[in-house]
Amino acid sequence: MGIMDGEKSTIMTSIDRYAVFGHPIKHSKSPRIHRLFAEQTGQALEYTAVDVPAEQFRTAVAMFFAEGGKGLNCTVPLKELAWNYADHKTERAQLSKAVNTLALQADGSILGDNTDGIGLVTDLLTNHAITLSGIRILILGAGGASRGIIAPILEQSPQTLVIANRTVDKAVKLAAEFHDKGAITGCGFDDLKNRQFDLILNATSASLSGCVPALPAGLLATGGNCYDLAYGNEPTAFVRWGLENHAAKSLDGLGMLVEQAAEAFFIWRGVRPQTRPVIELLNSERQA
Ligand code: ATR
C-alpha cells in the first residue's frame, strides 16, 4: 500500500458522509443546499446524490451505512421504502408513512424521520408570514405528498382542513386517518362549489405535467394564498392558477425544499443553518 492509499483512507474516515438517494436524481438541488449549509455553519461533511432504483434500495442503504455513512435523504420513489427500512421512526414519520431522512444513531440503529411537513409549515410561517391558525385550508391531492403535510398543518389549529382529490374515496379515507388530530374532511373537486379557502395547497403530481385540477371559480377567498409543493425554474401551472385567481401570494415549493433540508441537517449535525440566504441564492439563480 502506497502513501496515497493511506492518505485516501484517512480522508474517507475523517469526513462525515451524507447523500440523497432517488430515481431520477440528476437534477436534485439537495447536494447544493447541504454544501451551502455546511459551509455556512463550518461543518466538515460530504454530501452526494446517488441514483438508486427502488429494487436496489435496501442493498444500497445497507452498504452506505456499512461503509461509514452518517445520514441519508430519500426522495421519489424511495420514501415509503425508507419508512420500511428504518429501525425506529419519529411520530411525524410514523403518521406520514414516508421517510425522507435516515440518521445513524449512536447505538448503530437507523432512525427514520420525515421533515417535509415541518419544512412546509416553517416556510409558510417564517418565510412568508402566512399564519395557519384559524384559517380555512384546502389541500389538493390525496397521495404521499398530502399525507406528509397533514399532521404538521393540523398542529397549527386551522379552522378547517379539507382534502380534495380526483379519486374521492382516497381523500375521504386519508382524512379519516387524521380525524383525532383536528378538523379535517375529505371530498372530491365537485364538492368544492360554493366553498372558500384562505390557503390552497397543491399536493397533486399534476402540476409537474402542467395541469391543474378543474376548480370552481371563487374558491380562493379575497386576500388568500396559494402554494404549490412542486417547484421549477418557471412558475408551475398551479402557481399560475393562483396568480390568475388573485392570490395575495402564489408560491412554489422551493422554500419548503430548503426548510426540509435544514431540518434534516439539524437532525444529523445538531446545528440549525440559516435558510434565508440559501433560498435567496437559489431564487436569484433561477430568475437569472
Ligand atoms: P405523491 O407521492 O407525489 O403524492 P401519488 O401518491 O401518486 O404521488 O399521488 C398523486 C396525487 O396527484 C393523487 O392525489 C392523484 O389523484 P388520484 O388519487 O385521483 O390519482 C393526483 N393527480 C395526479 N394527476 C392528476 C390530475 N391530472 N388531476 C388531478 N389530480 C391528479
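The exercises below, each with a worked solution, concern a ligand site, a pocket and some backbone features of a predicted model.

In this predicted model, local features need pLDDT of at least 70 and side-chain atom pairs count only at pLDDT 80 or more, while totals for chains, interfaces and linings use all residues. Residues are numbered from 1 along each chain as its sequence is written, and side-chain values use heavy atoms, with hydrogens and water left out.

**Exercise 1.** Find which residues are closest to the ligand, and describe the shell by class.

Solution. Begin with the residues that surround the ligand, where near means that a heavy atom of the residue lies within 4 Å of the molecule; there are 13, and the closest are A142, A145, N165, T167 and K170. Next, sort the shell into 4 nonpolar, 7 polar and 2 charged residues, counting Ala, Val, Leu, Ile, Met, Phe, Trp, Tyr, Cys and Pro as nonpolar, Asp, Glu, Lys and Arg as charged, and the others, Gly among them, as polar.

Then turn to pairs of N or O atoms within 3.5 Å. A backbone N or O atom of A145 lies 2.9 Å from a ligand oxygen, a side-chain N or O atom of R166 is 2.9 Å from an oxygen atom of the ligand, and for a polar side-chain atom of K170 the distance to a ligand oxygen is 2.7 Å. Finally, the ligand taken alone exposes 640 Å², of which the protein buries 68%, with areas from the Shrake-Rupley method and a 1.4 Å probe.

**Exercise 2.** Locate the two cis peptide bonds that precede P24 and P77.

Solution. The first step is the bond between H23 and P24, with omega about 5 degrees; P24 sits in the loop between β1 (16–22) and α2 (30–41), where helices (H or I, at least four residues) and strands (E, at least two) are DSSP runs numbered from the N terminus. The next step is the bond that joins V76 to P77, with omega about 0 degrees, and P77 belongs to the loop between β3 (71–74) and α4 (79–85).

**Exercise 3.** Decide whether S157 is buried, partly exposed or exposed, and do likewise for H246.

Solution. S157, in the loop between α7 (144–154) and β8 (160–164), has a positive phi near 55 degrees although it is not glycine. Its relative accessibility is 47%, so S157 counts as partly exposed, given that buried means under 20% relative accessible area, exposed over 50%, and partly exposed in between (1.4 Å probe, protein chains only). H246, which is likewise not glycine, has phi near 60 degrees, and at 66% relative accessibility H246 counts as exposed.

Methods:
Polar contact = N/O pair within 3.5 Å; in protein donor to acceptor, adjacent residues only side chain to side chain.
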